[in-house]
Each structure stands twice: as structure tokens, then as C-alpha cells.
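These notes are meant for a colleague who is opening this structure for the first time. Please keep the sequence and the model side by side while reading the numbered points.

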Amino acid sequence: MIEFSEIIKLAFKSIKRNKGRTVLTALGIIIGVASVILLTSLGQGLQQYVTDQFESLGANSIYVLPGRIGGDGGQISFGQGPPNFAGSKLTLNHVDELSRYGGPIKAAAAEIDMPALVSYRSESKYTTIAGISSQWGQIVNVQVDEGRDLRDSDNDSRRKVAILGQTIISDLFGSTNPLGKNISIADERFEVIGIIKEIGTQSIGLDINNFVAIPITVSQQIFGQDSVQNIMVQARSKDEVQDAQDTTERILLRDLKEEDFSVVDSSSLLETINNILGVLTAALGGIAAISLVVGGVGIMNIMLVSVTERTREIGLRKAVGAKQSDILIQFIIEAVTLSVFGGGIGVLIGWGGSILINQFFPAVVTMWSVILAFGVSAAVGIVFGVAPAIRASRLDPIEALRYE
Amino acid sequence: MDSVIEIQNVNKTYSMGEVKVNALININLSIKSGEFVAIIGPSGSGKSTLMHIIGLLDRPTSGKVSLQGKSVSELESDELASLRNIHIGFVFQQFNLLPRTTAVDNVCLPLLYAGVNASEREERARKALVSVGLGDRFDHTPTQLSGGQQQRVAIARALINNPTLILADEPTGNLDSKSGREIMKFLSDLNNKGNTIVLVTHEPDIAKGAKRTIEIRDGEIVADKLNGKKHD
């Protein structure tokens, strides 16, 4: 039997002799591998993005949402409609009670989000106006860079003041210093008292850099609501999240009925969303994997054609001394080389494509998807190359030489 | 002189469904080292089957085939492949060169399966090509060569392993008469240098180029002549 390295060289020569066919055959594998990597990296990117969002909100947060969400307490389930803010029975008194309670609860804050037009002189922009109570910034990790933060006194006296994110400031003010200037929100005048520190990742549902925060009492006044949209509770530590959740529920039940609110901790919410995204990623990868198998069938097809086309070559090789195993290995290596070559290009395209997409949309290339896609493509080459190779190795040299 | 190939009481029968075809009937034949033998006969006479048995490509249904005194009739196909690689050089009517492959790589082929390393293969292939007068055609592919040149590449390939026996199956069948004469001259020269050659042809004119002629008809040897005289 001849040396393995010689057979590999032989396979390369044969593939090089048929460049056009090689590229077309490998195309199936290229597309398969590239799409497996691309689609899983999109799914993975989405998952990581959501996780980052939650982490930026603080992993120890608990959400109190108005109304009953899902059947069993605490577990959020989708498809039962959005929480109803208009009917919210959560109030600032509840927030006060929670934040004063202490124990496992480190802080509590309420929020009301409303889209509204913000304008300064001739510039105006639609954005989210968040009415927040004083501990909100601490929980969500929003800090004021210049000027001052909203204070309890602002809420108590319903002062019309606002803190703004970096993007909205540059949109409205350009290079003018916004501090002390008056802006108009929903036809009311507000004084800009603080600038929010720029942050890279975006908070869930809110673009902090595009964010306008005002005292929640003012929001209630403007929008004619006595209730709040949701309450965020921060546990003292990760270990106390469950405790804080139970405490929150107990405190609220003194005043409210079970169907009036839901308590959801961020990790169970994150888990649910991640489960959904995980299934999505697997499904996308599965669909892409089908194209990988189709690519493998393409290789088998070409290898079978190649065996027929090269019958005389096989006959000659056997006549001059090639053993069955020499022919078998040569054809398997050719198929594997085709699929590995295709797989390699597919990895490059998938990886490069993911990096490109990541400029617009979160995409994270995972090592396991690269290894899996490449491994499967090589395996496909072996699996689909074996049948033609066996056929080639069993050809009778006399018959093969006579083949027209 | 030593016998290269010894064939004793060889029969070859093919079954075609119900019908049995006796391709070779009780063949006895000995080819000695340094001989130039032509096997002649019309198509269907069994000369191809005989050639396949001499070339170790096929096994007889019964009888004994010996290569340099050793029986080979019972060997497995992979063992026969090894023996072919060492002992037999083939020249075919269709040349059977690998397409889109250079002359050097074509000539190398038997050495590849003999386990010779790449640099030695290449060196020996170049020498063999020079010896058949194709020293300026190393990197030409078959389509860039004339029929006569292609057949010379094939002869270089047959010679490269220094085979015990060169087996030429209608080597001039696909060539014009001038190239055909050249190839025959070439084979004669090789024989004069001591190579043992078996030539299979259906053309009596070509067979005259050999030193001994074996005529086969309906699976049986009907004549075995040396230089026009009866051979015993």
C-alpha cells in the first residue's frame, strides 16, 4: 500500500484538474456550513444581547407589573396580552412602603413610560419620557454626569425638571450647553437640570442615551394617572432575590388582591426568553443543517459520476499495481477534501458574514457552531464518499480498461 | 533460458447465463526471457483472454500459470496487483494515459504504487521519457501530444519498473502506419536490449515484427512458429 501523504497529494491533483467541478460541488457544502454558522451566530447574538440588557438592569431586580400575568405566580408566560397600565393599581404609596421596609429589599422605584414630543426652540423629537421615582437611577444604574439628579423633593413638589440622555441633547441642543435651559414636553415647560452619563449598552425597552426622565409625580399629573406603570425592586444580593420577591408580594397583598399585580424576577424572565431564543437558534441551525446534508448528496452525486467517468483511469491504476485499498482511500480522500475545502470556505464566509452583520445586528460566532459545521461537513464527505469509493475499488481492471 | 511465463493446461470458461463459452481450451505455452512473441488471431479467438492471463489481470478457470517458476493461479486480486506492479509493463491500444496529467506524472504511475518516493519517481520518469525520445515533452498533457507520442509515453510508463515482461495489446491499432512502424521499431530495439515482449495483434504484418508468432483460433493454439519455422 502506498503512503497516505501520496494519496492525499493524488486527491489534490485530481481536484485541481477539475477546478470548475470542484467549486460547484463544494458550493453545496460552502452554503451549508456558512448558513449554519451565520444563523447560529445570529441566534447567539440575540441571546447575548438580551442577557446583556438584563445585566445592565441589574441581575438582582424584581419587577412588579400590574395585573395577573400567566397562571402561576411569578412565572411569566407569553400570549396573554400586555399588562394593562390604565388599570394599574400600583401606586407610589406601595413604592414607599417597599423602599422603607428594608430587609432583603435594598431599593424600590416606580416608572411610567410614555412617548411624547420633546422640543427646544425649533428642534423637536419624539422620544420616551420616563417618569421615575427617586431610587430608579440607582436600580437601573443610570448616573448623572453633569448637573444634578432628580431628588425626592422634585417629586414631592412636582417640580418640572428633567434629566436627558446624550443623544437627545445633541439632537436638540447641538453644541449649546443644555443645563438650565427650558424644554417643552407635552406642551409643558421643563428645566434641564442634569445630563445622563453615556452608556454603551441599551437598557431593555429604553435607549438611555435617547432618554428623558422627569419626576414621576409630574408624569402622573400630565397623563392624568394616579397609578404607576411598574415597580422595580432591588434585592440586597443575588441570594436574597427570592426572599425579596416573597416580601414584595406579602407587602403588596396587604393592600391589593392577587390578580392586581405580578411579581417577576429578572432571572426567571431572562431564563424564559433565553429558552425561547435557544429553541429559535437550534431551529435556525437545524434548517441550515439540512442544506449541509443536501451539499453532501451533491458530493456523492459528483463522486459517483466521477467514478463512472474515470472507469478507465481506475482500470489503468489497477493494471499497473493499485490495490483495492489504494483506490478506495484515493476516492474517499477526494470526497473528504472536497467537503473540507467547501467547509473551510464556508467557515470563512460564515464567520466573515457574522462579523459584517454584527455591525447592524447582534451576531456572535460561537466556536461550537464552527467546529460542528466543519466537523459535519467533513463527516458528510466521508459518509457520502464511501459508496462511490467502494464502487471504484471493486471495479474489475479488465472491464474497467474496456469501458468506453 | 529461464521461463518468464509458463502456462500449463489452462482453460477459461465464461458463463453467459445458461450458455458456457470456452474462451481458452487447454492452452500450453512458455515464454522465455528475452523473447519477442506475437500472439495473433481474429477477434473472438481468445487472444485477449490469453493476454489477460499472461498479464496477471485474470485467473484461469483451470490449469496452472507460473511467473518465473512460481504458481500465481491461486493468488488474490491484491497480490496479483503487486505482481503486475513489479513484473508486467502494459502498453494498450487506447494508450490509457490519464487525461489532463503531464507525461512525467503518467510515466510515474507504476512507481507510485511501488512505494517509490516522489523525487526518485520524477527522476526515473524523466529518464524513461528521454529514452523514448520525449525529452522535450515532460510537462505536456496527452491532448498536447500526437498519437505516436502518446504511445511512446505509454511505453515509457511500461518500462519504468524494469518489468520482467512487456505486454503490448494492439499497440499500433490506433496509430497511422508511419507511427505504427515507429512503435514496432521501438519494441524491436527494446527486445534487442534484452526485454521480453509479448505483442497481441490481429494484423499479420505487425506480427512479422516479432521473433515468434503464436496463432490462436477459437480458444486453441493452432500454430507456434519461430522466425517462420516450426517451434517446438
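Among contacts in chain B between residues at least 6 apart in sequence, what percentage join residues at least 24 apart?

1. For chain B, the answer is 68% of the contacts between residues at least 6 apart in sequence. This is a predicted model, and the points below should be read with that in mind. Chain B contains seven helices and eleven strands, and of its 232 residues 49% are buried.

2. Leu67(B) gives a local view of such contacts, and it is found in strand β4 of chain B, which covers residues 62-67. With 23 other C-beta atoms within 10 Å, Leu67(B) is buried, because 20 or more such atoms are enough for a residue to be classed in that way. Leaving aside residues up to four places away in sequence, Leu67(B) touches Ile5(B), Val72(B), Leu83(B) and His87(B). The sequence separation between Leu67(B) and Ser3(B) is 64 residues, while their C-alpha atoms are 8.0 Å apart in space.

3. Thr164(B) can be read alongside Leu67(B), although its setting is a loop, the one between α5 (147-159) and β7 of chain B. Thr164(B) has 18 other C-beta atoms within 10 Å and is partly exposed, since that class takes the counts between 12 and 20. Its contacts, again not counting residues up to four places away in sequence, are with Val4(B), Gln68(B), His87(B) and Thr196(B). For Thr164(B) and Gln68(B), a sequence separation of 96 residues goes with a C-alpha to C-alpha distance of 9.0 Å.

4. His87(B), which is touched by Leu67(B) and by Thr164(B), belongs to helix α2 of chain B, residues 77-87, where it is buried along with Leu80(B), Ala81(B), Arg84(B) and Asn85(B). What, then, covers the buried residues of α2(B)? The cover includes β4, β6 (88-91), α3 (103-114) and β7 (165-169) of chain B, together with α10 of chain A, and that last element leads to the contact between the chains.

5. The contact between the two chains takes 19 residues from chain A and 19 residues from chain B. On the side of chain A that touches chain B, at least two residues each come from α1 (4-17), α10 (311-319), α11 (324-357) and α13 (397-402). The largest share of that side, six residues, is supplied by α10(A). By class, the residues on the side of chain A comprise eight nonpolar, two polar and nine charged.

6. Within chain A, strand β2 (residues 105-120) is worth tracing through its pairings. With strand β9 of chain A (residues 230-235), β2(A) pairs in the antiparallel sense over six bridges, and in that pairing Ile105(A) stands opposite Ala235(A). With strand β3 of chain A (residues 123-132), β2(A) pairs antiparallel over ten bridges, Ser119(A) having Ser124(A) as its bridge partner in β3(A). Strand β6 of chain A (residues 182-185) is joined to β2(A) by two bridges, also in the antiparallel sense, with Val118(A) opposite Ile185(A).

7. Two hairpins may be examined together, one in each chain. In the hairpin of β2(A) and β3(A), two residues lie between the strands, and Arg121(A) takes a positive phi near 50°. In chain B, β9 (residues 212-217) and β10 (residues 220-226) pair in the antiparallel sense over six bridges, and Ile214(B) has Asp224(B) as its bridge partner in β10(B). The hairpin of β9(B) and β10(B) has two residues between its strands, and there Asp218(B) takes a positive phi near 50°.

8. The last point concerns the packing of two helices in chain A. At what angle do the axes of α3(A) and α8(A) cross? The axes of α3 (residues 92-101) and α8 (residues 241-253) of chain A come within 10 Å and cross at roughly 135°, which means that α3(A) is oblique to α8(A). The crossing is right-handed. From α3(A), the residues His94(A), Glu97(A), Leu98(A) and Tyr101(A) meet Thr247(A), Thr248(A), Ile251(A) and Leu252(A) of α8(A). By class, this contact of α3(A) with α8(A) has four nonpolar, three polar and one charged residues.

Technical notes
Residues are numbered from 1 along each chain as its sequence is written. Chains are lettered from A and ligands numbered from 1 in the order in which they are written. This is a predicted model: local features need pLDDT of at least 70, side-chain atom pairs count only at pLDDT 80 or more; totals for chains, interfaces and linings use all residues. Helices (H or I, at least four residues) and strands (E, at least two) are DSSP runs, numbered from the N terminus. Two residues are in contact if their C-beta atoms, placed from the backbone, lie within 7 Å. Ala, Val, Leu, Ile, Met, Phe, Trp, Tyr, Cys and Pro count as nonpolar, Asp, Glu, Lys and Arg as charged, and the others, Gly among them, as polar. Two strands pair if DSSP finds at least two bridges between them. Axes are lines fitted to C-alpha atoms, for helices over the stretch in contact, and angles run from 0 to 180 degrees between N-to-C directions. Angles under 35 degrees count as roughly parallel, over 145 as roughly antiparallel, 65 to 115 as roughly perpendicular and the rest as oblique. A crossing is left-handed if the near helix is turned anticlockwise from the far one by less than a right angle, and right-handed if clockwise.
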